[in-house]
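Student: Can we go through this one together, starting with the backbone and then moving inside?

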2 protein chains.
Amino acid sequence: MSYYAEPIARLLEELERLPGIGPKSAQRLAFHILKGDDEAARRLSDSIVEVRRLIHFCPRCFNFASGDLCEYCADPQRDTASMCVVEEPRDVVAIERTGEFRGLYHVLQGTISPMDGIGPEQLRVRELLSRLEDGSVTEVVVATNPNVEGETTALYLARLIKPLGIRVTRIASGLPVGGDLEYADEVTLGRALEARRDM
Amino acid sequence: MSYYAEPIARLLEELERLPGIGPKSAQRLAFHILKGDDEAARRLSDSIVEVRRLIHFCPRCFNFASGDLCEYCADPQRDTASMCVVEEPRDVVAIERTGEFRGLYHVLQGTISPMDGIGPEQLRVRELLSRLEDGSVTEVVVATNPNVEGETTALYLARLIKPLGIRVTRIASGLPVGGDLEYADEVTLGRALEARRDM
């Protein structure tokens, strides 16, 4: 039995499909939408429709794009000699926020995960290799996540790309800045020790 | 500077206006909407528009309603001799879930809160009193929240309603079922002691 009128129940159902939104959050969001002004609800609804209408995948790097190419592929100021390979468009945002990378991106749209039946052919690996063909890229920074799937994908890509005479690097693992040795897991602390640098 | 294409930035902005949604959650939701199918995004967007179009306040009890009256006011099976007064429509859902109350509701749409400039005249108090006029209600259960504003509102209502010869009751405060004495705050534990019952 539902305790809600049908339009509310329908909104709750749609909200609960979103990641990280359980019944309690869905109810809070729905009641906020109901109590807020009409204009705010319309803007939210429109922005969902518009983002689907206007955003597509960049045909070159598979990041989200609103123009023909994404903003990084379209930017003539970017360093075309280095390319950062990431799993998802959100990772592009994370790397850009650091301000440490000025090259191009390539979004794999996933990681190799045999458990989920995802192999290299389900990812944008073929497209990555064809972008590397002309020899303009001299370094590929593999920035997949430092977990099992991400490491597997990184190793797989390194084995494919290194024979092309391109330098392949991996983002470092170690203790988070501001972190605490006491609370670090052994694997992370082990990596931090292994990758120690002269001061 | 924005790291997002404009339609994504706009969706993020609208999502961040929702309660409990910070930048990280907004990004996760937006990327989910972008990666999911068109149909799901359309359904979400439509359900927001529809809930605003179809839901209004019940003119009798001020709960949310999709028909002329809300489902409880429209239900001839409800016990019209008892009325439960709550702050918000979400509280009606909470009470219904217990299955312990079969009477009518009245939603105040807030609590008395002088700090926020909200007095009885901003709430649905006048409407409550006029519903009690015909004498059919013999008990009013005040189920405002057990915090300062809720208690103030409950006391205020009791002072208004008791002279009409109507019994006014208040939901009990005490330890939550499954709770632990050790972790209960002193005020709650004090209330639980004060309201102790013979076994």
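What follows is a short chat about backbone angles and an internal void.

Tutor: Ground rules: this is a predicted model, where local features need pLDDT of at least 70, side-chain atom pairs count only at pLDDT 80 or more, and totals for chains, interfaces and linings use all residues. Residues are numbered from 1 along each chain as its sequence is written, chains are lettered from A and ligands numbered from 1 in the order in which they are written, and side-chain values use heavy atoms, leaving out hydrogens and water.

Student: Is A:Phe62 buried or exposed?

Tutor: A:Phe62 isn't a glycine, yet its phi is positive, about 70 degrees. Its relative accessible area is 8%, and the cut-offs are under 20% for buried, over 50% for exposed and partly exposed in between (1.4 Å probe, protein chains only). So A:Phe62 is buried.

Student: What is the volume of the largest cavity?

Tutor: A cavity here is a set of points on a 1 Å grid over the protein atoms alone where a 1.4 Å probe fits but cannot get out. Points are joined across faces, edges and corners, and the volume is the space filled by probe spheres set on them. One cavity of 30 Å³ or more turns up, and the largest has a volume of about 60 Å³.

Student: How many nonpolar residues are in its lining?

Tutor: Lining residues have an atom within 4 Å of a point, and among them are A:Leu15, A:Ile33, B:Leu18 and B:Ile48. Ala, Val, Leu, Ile, Met, Phe, Trp, Tyr, Cys and Pro count as nonpolar, Asp, Glu, Lys and Arg as charged, and the others, Gly among them, as polar. With no polar and no charged residues in the lining, the nonpolar count is 11.

Key: On a 1 Å grid over the protein atoms alone, a cavity is a set of points where a 1.4 Å probe fits but cannot get out, and a pocket is an open set with protein on both sides within 12 Å along at least five of seven lines; lining residues have an atom within 4 Å of a point.
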